[in-house]
Amino acid sequence: MLSTPLAAPPASGVLYLHGFNSGYGSPKAVLMRAACAVLALPCETPQLSHRPLAALQQAKALLQGLGERPLLVGSSMGGFLVTCLAERHDLRAVLINPAVRPARLVSEWVGEAFVNEHTGERFTIETAHRQELDALTPQRVTPERYLLLLGSADETLDPADAFALYRGARTVLHPGGDHVFRALETYLPAILAHGGHDLPPERVSCRQG
């Protein structure tokens, strides 16, 4: 059922946004590029800034190059940023264990230092991170534009929070799925179907680490 394309015109491209302190080389980003390559579908999986506003501006700048109606896909903090873009630009989106109240989450990290394993960048969470997330948070969401992929055993975010915020969205709760959502490869046909594309099963063979 989840692999049945929507009635809307097929997505003109795919924009995937990674989660906090992740990157272009993450397993999910690699899988999205591979899936889009099978369909010859334009795909962007940018390395995002750790600053929320800068990351959103980076993502927005890529939309025009993906055609009139791109499909947005985001994981964790990337799911929050995708929600911001989807609501502002009236686009379909797929959210993988999305961050629902990121400002509250980040407030617990203020003063904490991080190293991005994909880029080697070192940074410290500041009050400005929380303030930017607060300012970016949409006042409301439109559930029918989303497909939610939630892991029932997410050790970082409570899937009940996402289920409540996006109530009414098409939702998959993967039994035992963790925050990384290692079963993503299985759901690639459903993700692309949400954008109106038919991805043949077992055509993408990348392995997640």
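**Exercise 1. Place arginine 145 in the fold and describe its surroundings.**

Arginine 145 is found in the loop that runs between α5 (127-136) and β7 (146-151), where helices (H or I, at least four residues) and strands (E, at least two) are DSSP runs numbered from the N terminus. The model is a predicted one, in which local features need pLDDT of at least 70 and side-chain atom pairs count only at pLDDT 80 or more, while totals for chains, interfaces and linings use all residues. Residues are numbered from 1 along each chain as its sequence is written, and side-chain values use heavy atoms, with hydrogens and water left out.

The next step is accessibility: arginine 145 counts as buried because its relative accessibility is 11%, buried meaning under 20% relative accessible area, exposed over 50%, and partly exposed in between (1.4 Å probe, protein chains only). Leaving aside its neighbours within four places in sequence, arginine 145 is in contact (heavy atoms within 4.5 Å) with Ala86, Glu87, Asp90, Leu91, Arg92, Ala93 and His194. With one of these, glutamate 87, the side chain of arginine 145 makes a side-chain polar contact of 3.2 Å; such a contact is a pair of N or O atoms within 3.5 Å, and within protein one must be able to donate a hydrogen and the other to accept it, residues adjacent in sequence counting only if both atoms are side-chain atoms.

**Exercise 2. Determine which residues arginine 51 contacts beyond its neighbours within four places in sequence, and set them against the buried residues of α5.**

Begin with position: arginine 51 lies in the loop between β2 (43-44) and α2 (52-63), and it is partly exposed, as its relative accessible area is 26%. Its contacts outside that sequence window are Glu126, Ala128, His129 and Glu132, and the side chain of glutamate 132 is joined to that of arginine 51 by a polar contact of 2.6 Å.

Turning to the helix, the buried residues of α5 are Ala128, His129, Glu132, Leu133 and Leu136. Seen down the axis of α5, they fall within an arc of 135° (taken over the directions from the helix axis to the C-beta atoms), so they line one face of the helix. Among the elements that cover these buried residues are α2, α3 (77-89), α4 (102-107) and β6 (122-124).

**Exercise 3. Find the backbone phi values of asparagine 21 and serine 76, and locate both residues.**

As background, most residues other than glycine have a negative phi. Asparagine 21, in the loop between β1 (14-17) and α1 (27-38), has a positive phi near 60°, and its relative accessible area of 21% makes it partly exposed. Serine 76, in the loop between β3 (71-75) and α3, likewise has a positive phi, near 55°, but serine 76 is buried, with a relative accessible area of 13%.

**Exercise 4. State by class which residues line the largest cavity.**

On a 1 Å grid over the protein atoms alone, a cavity is a set of points where a 1.4 Å probe fits but cannot get out, and lining residues have an atom within 4 Å of a point. The lining of the largest cavity has 9 nonpolar, 10 polar and 1 charged residues, where Ala, Val, Leu, Ile, Met, Phe, Trp, Tyr, Cys and Pro count as nonpolar, Asp, Glu, Lys and Arg as charged, and the others, Gly among them, as polar. The largest share of this lining, 3 residues, comes from α3.
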